2 protein chains.
Amino acid sequence: MKSQEAATLRPSSLAKRHAILAAAEQAFLAARYDSVTMDEIADMAQVSKQTVYTHFGTKDQLFVELVTAMTKGAGDEVSAGSAVPASREHVREALEELLGHQLAVVMTPRLLRLRRLVISEVPRFPDLARAVYDQGPRRAVAALEALLGELDARGWVQVPNPAVAAEQLNWLVMGAPTNAAMYLGDDVAPSPAEQELHVRRAVGAFLAAYDGAL
Amino acid sequence: MKSQEAATLRPSSLAKRHAILAAAEQAFLAARYDSVTMDEIADMAQVSKQTVYTHFGTKDQLFVELVTAMTKGAGDEVSAGSAVPASREHVREALEELLGHQLAVVMTPRLLRLRRLVISEVPRFPDLARAVYDQGPRRAVAALEALLGELDARGWVQVPNPAVAAEQLNWLVMGAPTNAAMYLGDDVAPSPAEQELHVRRAVGAFLAAYDGAL
């Protein structure tokens with residue numbers, strides 16, 4: 001059953017579908033892909049194994065649907081609030097808020113576990129990993145590029161190449177914390193205060209590079 | 001047998017040790033940890049399984065020694081050539097050379113595969129992953145911090161907090177290419193010309209932020 005068909009399901013069937021996805025998230029994020037079984041997911045979701053197969057076809061398909069749904073959800077959260085600030089004086093604050101929000105979403109333990117899982121499964125699911133890349137980091141950088149282009153058009157920053165500048169700003173903020181989490185584990189995210197300081201420094205360096213006057 | 005004892009081995013024994021490590025590299029980087037067997041490594045190295053166990057104890061230990069050796073080798077390569085430039089006029093060129101060299105090493109397909117493998121095995125080998133983090137990214141950033149501190153002391157850049165600036169410069173350069181490789185596969189590294197342009201832009205933004213005059 002394809003996900004676009006979910007909207008047409010009866011309520012009881014939709015509830016089962018949600019229960020299966022929740023169980024799949026718990027199972028896959030707690031273990032490696034290989035060690036998860038459909039039996040286990042059915043037990044956790046309190047449905048029959050047949051119901052799991054009816055809804056999702058195969059373990060592969062369930063995994064792809066789960067990862068796609070989680071990535072979409074995270075992407076929607078990241079995209080919320082990339083509005084153009086009211087005036088030039090609010091550029092720094094707006095960038096700090098936007099990047100701070102994005103970093104907080106990205107550093108959610110369940111999304112860090114998803115990131116590790118997708119990265120480790122690239123050899124088996126290359127298309128899925130590419131979709132996560134497009135809907136995750138690429139989508140965030142594209143939104144930032146649009147915002148920086150708009151700020152440049154208004155003369156509020158000097159960003160002749162918004163695509164390059166957006167990538168730089170993104171990685172000034174995301175690089176160190178995400179890399180540390182990949183090696184050190186998903187539960188050692190910096191505190192909110194540390195994240196705020198990190199973002200302030202990153203945006204400060206970015207604005208110093210692209211508009212010393214701000 | 002601990003690696004520090006390798007120096008005292010007879011030449012024939014040392015050759016076997018090297019053959020086993022080379023076979024282990026090939027086997028582990030081509031597959032996931034679970035699917036590699038000591039039999040397979042012995043076959044590839046053309047030694048007996050007993051010889052593999054005599055040299056490395058267990059599969060776990062062999063894996064740890066292999067990852068440690070590869071990380072040490074990469075770290076030594078990255079560290080080569082972080083010399084202070086002769087004059088202020090050479091700062092940009094020196095940073096471009098240093099970071100370009102580091103990026104080229106990091107983007108080696110075998111090291112990208114190692115990165116993915118270590119990241120995916122964090123739940124099983126947390127101490128090893130921490131050691132790779134310390135000897136990999138942390139070591140590179142520390143070397144950059146020392147260099148930027150020296151450049152600041154000479155008045156050639158304005159870097160009041162070399163630790164923060166070093167991390168920023170590192171991720172301006174490493175963030176986008178390593179993240180793309182983790183999702184898109186290890187054989188799609190940017191071309192040397194693309195890497196050079198990327199580094200030039202990153203160093204350009206960094207110097208614009210930390211010394212507009214350069």
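# Talking through a two-chain predicted model

Colleague: B:Gln46 sits in the loop between helix H2 (38–45) and helix H3 (49–56) of chain B. What is the phi of B:Gln46?

Modeller: Bear in mind that this is a predicted model. Most residues other than glycine have a negative phi. B:Gln46 isn't a glycine, yet its phi is positive, near 55°.

Colleague: Is B:Gln46 buried or exposed?

Modeller: To count as exposed, a residue needs a relative accessible area over 50%. B:Gln46 comes in at 74% relative accessibility, so B:Gln46 is exposed.

Colleague: And over in chain A, where does A:Gln46 lie, and what is its phi?

Modeller: A:Gln46 belongs to the loop between helix H2 (38–45) and helix H3 (49–56) of chain A. A:Gln46 is exposed too, with a relative accessible area of 74%. Though not a glycine, A:Gln46 has a positive phi, about 55°.

Colleague: How are the two copies, chain A and chain B, related?

Modeller: Lay chain A on chain B and you get an RMSD of 0.0 Å, using a turn of 180° and a shift of 0.0 Å along the axis. The copies are therefore related as by a two-fold rotation axis.

Colleague: Which residue of chain A has the C-alpha nearest that axis?

Modeller: The C-alpha in question is 1.9 Å from the axis. As for the contact, the same surface serves both copies, since 100% of the contact residues of chain A recur in chain B. The residue you're after is A:Ala209.

Colleague: Let's do helices. Are H4(B) and H7(B) roughly parallel or roughly antiparallel?

Modeller: Helix H4 (residues 59–79) and helix H7 (residues 126–153) of chain B have axes that come within 9 Å and cross at roughly 5°. Angles under 35 degrees count as roughly parallel. So H4(B) and H7(B) are roughly parallel.

Colleague: Which residues of H7(B) make that contact?

Modeller: On the H4(B) side, the contact takes in B:Phe63, B:Val67 and B:Gly75, among others. Both sides together divide into seven nonpolar, six polar and three charged residues. From H7(B) come B:Leu128, B:Val132, B:Gln135, B:Gly136, B:Arg139 and B:Ala140.

Colleague: At what angle do H4(A) and H7(A) pack?

Modeller: The axes of H4(A) and helix H7 (residues 126–153) of chain A are 9 Å apart. H4(A) is roughly parallel to H7(A). The contact includes A:Thr71 of H4(A) and A:Arg139 of H7(A). The packing angle is about 5°.

Colleague: Now the largest nonpolar core. Which of its residues touch the most other members?

Modeller: That core holds 143 residues. A:Phe28, one of those with the most core neighbours, touches A:Tyr33, A:Val36, A:Ile41, A:Lys59, A:Leu62, A:Phe63, A:Leu66 and A:Leu117, leaving aside residues up to four places away in sequence. The full set you asked for is A:Phe28, A:Leu62, B:Phe28, B:Leu62 and B:Leu95.

Colleague: What about A:Pro85, buried or exposed?

Modeller: A:Pro85 is in the loop between helix H4 (59–79) and helix H5 (91–106) of chain A. Beyond four places in sequence, A:Pro85 touches A:His90, A:Val91, A:Ala94, A:Leu147, A:Leu151, A:Arg154 and A:Trp156. Buried means under 20% relative accessible area. With 8%, A:Pro85 is therefore buried.

Colleague: One more: how many Å apart in space are A:Pro85 and A:Arg110?

Modeller: Along the sequence, A:Pro85 and A:Arg110 are separated by 25 residues. In space, C-alpha to C-alpha, the distance between them is 31 Å.

Conventions
Residues are numbered from 1 along each chain as its sequence is written. Chains are lettered from A and ligands numbered from 1 in the order in which they are written. This is a predicted model: local features need pLDDT of at least 70, side-chain atom pairs count only at pLDDT 80 or more; totals for chains, interfaces and linings use all residues. Side-chain values use heavy atoms; hydrogens and water are left out. Axes are lines fitted to C-alpha atoms, for helices over the stretch in contact, and angles run from 0 to 180 degrees between N-to-C directions. Helices (H or I, at least four residues) and strands (E, at least two) are DSSP runs, numbered from the N terminus. Angles under 35 degrees count as roughly parallel, over 145 as roughly antiparallel, 65 to 115 as roughly perpendicular and the rest as oblique. Contact means heavy atoms within 4.5 Å. Ala, Val, Leu, Ile, Met, Phe, Trp, Tyr, Cys and Pro count as nonpolar, Asp, Glu, Lys and Arg as charged, and the others, Gly among them, as polar. A nonpolar core is a set of buried Ala, Val, Leu, Ile, Met, Phe, Trp, Tyr and Cys residues joined through side-chain atoms within 4.5 Å. Buried means under 20% relative accessible area, exposed over 50%, partly exposed in between (1.4 Å probe, protein chains only). Copies are superposed by least squares on the C-alpha atoms of residues with pLDDT of at least 70 in both.
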